[in-house]
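Student: Could we go through this one together? I'd like to start with the packing and then move to a polar residue.

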Amino acid sequence: MAYKVFISHAMDPWEKPFLDKVHLTLSQHGVESYVAEYDPKFGENISQKFTRNLEYSILFLVLYTNACCATQYVNQEISYALKANKKVVIMKERSVSANELIYGMEPIEIDPKNPQDAIHKFVNFAVPLQQRKDEIDGL
């Protein structure tokens, strides 16, 4: 199984460039990331698509921003990932308060003035996991 990070996010114009940068940076470091919008399967059941791709993911990254607080989908995805025993990592916009689903999880804070810092912190967390997985797969 490929090492994959499932990225959950809201559909917000502010998030799009940040999401693209996270996806690209992970790819440049050999970590595959899954973003539903980058994988159109027209006519497919969205719930089944989500479940299948979450199942094949090692990490579940949440871009937790003001926009995602206004949608139920991100919270449903977090809940499902937790029930599936996935490692959930929260990348939280600094101004956003944690809800009951993520309360108590140590987040990577996104500073709107320097969002690249949050990306580097996540990459520094995820890449060593990729390397360990590659070593285990090679045994």
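Tutor: Before we begin, contact here means heavy atoms within 4.5 Å, and please keep in mind that this is a predicted model.

Student: Okay, which residues does L26 touch, not counting those up to four places away in sequence?

Tutor: On that basis L26 touches V5, I7, V31, S33, F122, V123 and A126, and L26 itself has its place in helix α1.

Student: And is L26 buried or exposed?

Tutor: L26 counts as buried, because its relative accessibility is 0% and the cut-off for buried is under 20%.

Student: How far apart are L26 and H120, in sequence and in space?

Tutor: They are separated by 94 residues in sequence, while their C-alpha atoms lie 9.5 Å apart.

Student: Which residues of the largest nonpolar core touch the most other members?

Tutor: Of its 21 residues, those are V5, I7, F18, L26, L61, M91 and F122. At least two residues each come from β1, α1, β3 (59–64), β4 (87–93), β5 (108–110) and α5 (115–137), with α5 giving the most, namely six. Apart from this core lies another, of 16 residues, which includes V74, I78, V88 and I90.

Student: Switching topic, where is H9 found?

Tutor: H9 sits in the loop that runs between β1 (4–8) and α1 (15–28), and H9 is buried, with a relative accessible area of 12%.

Student: What does the side chain of H9 make a polar contact with?

Tutor: Its partner is the side chain of E37, at 3.1 Å. Leaving out residues up to four places away in sequence, H9 touches E15, L19, V35, E37, L63 and V74.

Terms used:
Residues numbered from 1 in each chain as written. Predicted model: local features only at pLDDT ≥ 70, side-chain atom pairs only at ≥ 80, totals over all residues. Heavy atoms only, no water. Helix = DSSP H or I, 4+ residues; strand = E, 2+ residues; numbered from the N terminus. Buried < 20%, exposed > 50% of the residue type's maximum accessible area, 1.4 Å probe, protein only. Polar contact = N/O pair within 3.5 Å; in protein donor to acceptor, adjacent residues only side chain to side chain. Core = buried A, V, L, I, M, F, W, Y, C linked by side-chain atoms within 4.5 Å.
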